Amino acid sequence: MVNMSNSITILLDKCVGCTLCVKACPFGAIHMANKKAVIDMAKCNLCGACVSVCEFNAIEIGRYAGEKKDISSYKDVWVFCEQKKGVIQTISFELLGEGKKLASKLGVKLCAVILGHDIESKIEEISRRGADKIYLVDAPELKSYQDDSYTNVIVKLIEEYKPEIVLCGATTIGRSMISRVAVTVDAGLTADCTGLDIDEKERLLLQTRPAFGGNIMATIITPNHRPQMSTVRHKVMKEAEIHKSHKAEVVRKKYSQDILKSRTTLLDIVEEIEETVNLAEADIIVSGGRGLGGPENFALVKELAKTLGAAVGASRATVDADWMPYSHQVGQTGKTVCPKLYIACGISGQIQHLIGMQSSKVIVAINKDPDAPIFKFATYGIVGDLFEILPALTAEFKRILKK
Ligand SMILES: Cc1cc2nc3c(=O)[nH]c(=O)nc-3n(C[C@H](O)[C@H](O)[C@H](O)COP(=O)(O)OP(=O)(O)OC[C@H]3O[C@@H](n4cnc5c(N)ncnc54)[C@H](O)[C@@H]3O)c2cc1C
């Protein structure tokens, strides 16, 4: 009989009560009772840490990966090209760049999918980024993103054309849409990938993302279901190069009102007004951390940012403390940025922050603790008190830039 659920079992005859598993469990889900390990299933998330440390093979874990489907007819790599007000978002070009590599390894086509209204003019822009084929769905109902209509259309396209991989930006729209699509088509979805590759022997997508609060990088595979679906964060991958003469085949699809209708009505789109430059697009970012000591001291960071024409970033510690709005947060649960220059002021450099900025070209760290982890990643480190260093830097930049 096949076990159709996940399970974990302590084999009482083998358990010697050594407590190794208790110490290894990152979730505090194991305790001892009568010298035998007991697992609290409300806390356990089947990570398997206890199984690896048990020297007596006393813990058995069973993971049900779902029934294997017939996946033989699925082919091609798809990229969902997100548009807002008719402007293709740059994450789409990043995905096309990465998608091309995956498609070449698999020997299949790179296909772009674009939904919107009056978007014929986008064909050339997407073609030039290397797509071999473009699925274009143009309808007034698709002008702006709506959960229902976009999900329905993507599901229909997937059901008809059967891609083996679907990539989507880990944006507000991408996250909302693709999870709905994955559930409807019964596919696996790995969110927030920072690396993608192909296991060429098994033809599997290797989806790497931070796990356990960013402390490890996990590579996830989807052997039994298709498509293999991933969201990827902005600025993690390089944009596809432009090849002006490249021409893609275009497949135009029309759908009935049944598919295009939405249970919600879009009244208005209210854009957040950024005080300075958009963080994700900025060439220079000056970021502040808890070392600033209080919200009022962000003025020092803002002054330097203003002088350099930079955007202002923030660590989560400062956002959680309400010193800065969430839109400024850099890191695993904030924005991923890749500026030419990132100046970290009073930020310790925990892994969750580093994930969001470590691919910056030049990193300057200002911290009074010479052992702060940020210095391991910094191009230039300034050890000292930011209350002295920031005003001095701002004054010097003002003087030089005035010339
Ligand atoms: C699931 C999860 C997701 C997370 N996501 C994010 C995320 O997206 N982004 C993020 O940033 N964090 C994130 N975190 C939190 C992260 O682990 C850290 O807690 C956070 O980054 C710490 O912020 P900080 O560096 O500002 O503060 P601290 O770690 O407290 O560091 C403050 C630094 O300031 C220095 N300092 C103090 N006074 C001065 C001074 N006068 N001059 C110079 N230096 C000084 C100190 O030496 C210290 O290194 C996440 C955590 C978890 C568990």
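**Entry 1: the antiparallel sheet.** I began with β12 and strand β13 (residues 204-211), which pair in the antiparallel sense over 5 bridges. The model I am reading is a predicted one. At the level of residues, I found G195 opposite T208 in β13. I then followed the sheet outward: it is open, has 3 strands in the order β12-β13-β14, and its pairing is antiparallel. I noted that β12 (195-199) and β14 (216-220) are the edge strands; each has a single partner strand, so one side of each is left without a neighbour in the sheet. Ignoring direction, I recorded an average turn of 30° between neighbouring strands of this sheet.

**Entry 2: the parallel sheet.** I next looked up an open sheet of 5 strands, ordered β18-β17-β19-β20-β21, where the pairing is parallel. Its edges are β18 (311-314) and β21 (380-383); each has a single partner strand, and one side of each is therefore left without a neighbour in the sheet. From one strand to the next, I entered an average twist of 20°. Inside this sheet, strand β19 (residues 341-345) and β20 run parallel and are joined by 5 bridges. I checked one bridge by residue: A344 has A365, in β20, as its partner. I also looked for a helix on this sheet and found α8 (residues 298-308), which packs on it and touches β17 (284-288), β18 and β19. The direction of α8 makes about 175° with that of β17.

**Entry 3: the nonpolar cores.** I turned to the largest nonpolar core, which has 54 residues. Which of its residues touch the most other members? I listed W78, V79, A112, V113, I114 and L167. I took I114 from that list and looked up its contacts, leaving aside neighbours within four places in sequence: they are C81, Q83, I119, K122, I126, I134 and L136. Another core lies apart from the largest one; it has 35 residues, including A282, A305, C345 and L386.

**Entry 4: the ligand.** Last, I examined the surroundings of the ligand and noted 29 residues around it, the closest being G289, G291, S315, R316 and G331. Which elements give two or more residues to this shell? I entered α9 (316-320), α10 (351-357), β20 (362-367) and α12 (386-402). Strand β20 thus appears twice in my notes, as a contributor to the shell and as a strand joined to β19. Sorting the shell by class, I recorded 17 polar, 7 nonpolar and 5 charged residues.

Notes
Residues are numbered from 1 along each chain as its sequence is written. This is a predicted model: local features need pLDDT of at least 70, side-chain atom pairs count only at pLDDT 80 or more; totals for chains, interfaces and linings use all residues. A residue is near a molecule or strand if its C-beta atom, placed from the backbone, lies within 6 Å of it. Helices (H or I, at least four residues) and strands (E, at least two) are DSSP runs, numbered from the N terminus. Ala, Val, Leu, Ile, Met, Phe, Trp, Tyr, Cys and Pro count as nonpolar, Asp, Glu, Lys and Arg as charged, and the others, Gly among them, as polar. A nonpolar core is a set of buried Ala, Val, Leu, Ile, Met, Phe, Trp, Tyr and Cys residues joined through C-beta atoms within 7 Å. A residue is buried if 20 or more other C-beta atoms lie within 10 Å of its own, exposed if 12 or fewer, and partly exposed in between; C-beta atoms are placed from the backbone. Two residues are in contact if their C-beta atoms, placed from the backbone, lie within 7 Å. Two strands pair if DSSP finds at least two bridges between them. Axes are lines fitted to C-alpha atoms, for helices over the stretch in contact, and angles run from 0 to 180 degrees between N-to-C directions.
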